[in-house]
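Work through the exercises below with the model open. Try each task before reading its solution.

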Amino acid sequence: MDDLIYYLPQIILGIVAAAVFIWVIFFIRELIRNSHGKSTCIHCKKAAEKVSPEPYLFLLPVSFGDKYEDAEQYLPSHMRPIMSTRQIPTGRRACRLEVYGCSHCGKRQVTVTDFLLVRGEEDIKRTYELPYEPFGPLIESWLALRQRQEPSSN
Ligand SMILES: [Zn+2]
């Protein structure tokens with residue numbers, strides 16, 4: 001028992017070091033994936049690849065530092081398609097949506113980057129990784145809007 005008490009600080013230190021080590025490994029893996037246009041599949045944790053040819057831009061009905069609850073519910077029902085950051089009114093937030101596909105489980109997911117445009121620079125508020133399905137109709141309406149605005153390009 002005395003031995004255990006003697007070694008306890010080292011045991012605790014060892015456990016903490018192992019936890020930090022594992023976290024760092026996962027963090028680095030995520031960074032490497034993100035820098036190669038990849039993300040981590042939210043369903044099976046394998047690498048997911050970007051499948052959308054371009055980011056889709058949407059306006060959000062919030063301003064400056066406003067917050068909202070439950071992004072998975074809030075975002076699909078409040079995002080409105082826009083074609084360019086020039087269409088963002090001053091102080092209003094917008095978001096970029098990109099689609100990722102996982103070749104391991106075949107599921108799709110989206111990355112939504114919520115940002116505020118400050119003097120032409122994107123001040124990123126948060127990034128969400130969410131299931132694809134609730135955002136499918138939004139991508140359809142974004143593509144339909146672009147087709148209406150640029151009928152000659154198709
Ligand atoms: Zn997967």
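The exercises go from overall shape to the helix at the start of the chain and then to strand pairing. The model is a predicted one.

**Exercise 1. Overall dimensions**

Task: Compare the radius of gyration of the protein with that of a compact globule of 154 residues.

Solution:
- Start with the reference. A compact globule of 154 residues would have a radius of gyration near 15 Å.
- Now take the model. The protein has 21 Å.
- Check the box. Along the principal axes, the C-alpha atoms fill roughly 80 × 35 × 25 Å.
- Look at the domain assignment. It gives domain 1 as 2-36 and domain 2 as 47-153.
- Add the separation. The centres of domain 1 and domain 2, taken over C-alpha atoms, lie 35 Å apart.
- Finish with burial. Of the 154 residues, 15% count as buried.

**Exercise 2. Helix α1**

Task: Test whether the end-to-end distance of helix α1 agrees with its number of residues.

Solution:
- Count first. Helix α1 covers residues 2-35, which is 34 residues.
- Apply the rise. At 1.5 Å a residue, taken one time less than the number of residues, α1 should span 50 Å.
- Compare. The end C-alpha atoms of α1 are 50 Å apart, so the expected and actual spans agree.
- Look for a bend. A kink of about 50° lies at Leu8, shortly before the proline Pro9.
- Assess the cover. α1 is hardly covered, with zero buried residues among its 34. The cut-off for buried is 20 or more other C-beta atoms within 10 Å.
- Step past the end. Gly37 follows α1 and has a positive phi, near 65°.

**Exercise 3. The partners of β5**

Task: Which strands pair with β5, and over how many bridges?

Solution:
- Place the elements. The protein has three helices and seven strands, in the order α-β-β-β-α-β-β-β-β-α from the N terminus.
- Take β2 (residues 47-50). It pairs with β5 (residues 92-102) in the antiparallel sense over three bridges. Glu49 stands opposite Gly101 in β5.
- Take β3 (residues 56-63). It pairs with β5 in the antiparallel sense over five bridges. Here Tyr56 stands opposite Leu97 in β5.
- Take β6 (residues 108-118). It pairs with β5 in the antiparallel sense over nine bridges.
- Follow Leu97 across. Its bridge partner in β6 is Val112.
- Inspect the turn. The hairpin of β5 and β6 has five residues between the strands, and Gly106 takes a positive phi near 80° there.
- Close with contacts. Among those with a separation of 6 or more, 54% join residues 24 or more positions apart.

How values were computed
Residues numbered from 1 in each chain as written. Predicted model: local features only at pLDDT ≥ 70, side-chain atom pairs only at ≥ 80, totals over all residues. Helix = DSSP H or I, 4+ residues; strand = E, 2+ residues; numbered from the N terminus. Bend = angle between axes of the 7 residues up to and from the residue. Buried ≥ 20, exposed ≤ 12 C-beta atoms within 10 Å, placed from the backbone. Domains from an automatic or database assignment. Rg over C-alpha atoms; globule rule 2.2 N^0.38 Å. Contact = placed C-beta atoms within 7 Å. Pairing = 2+ DSSP bridges.
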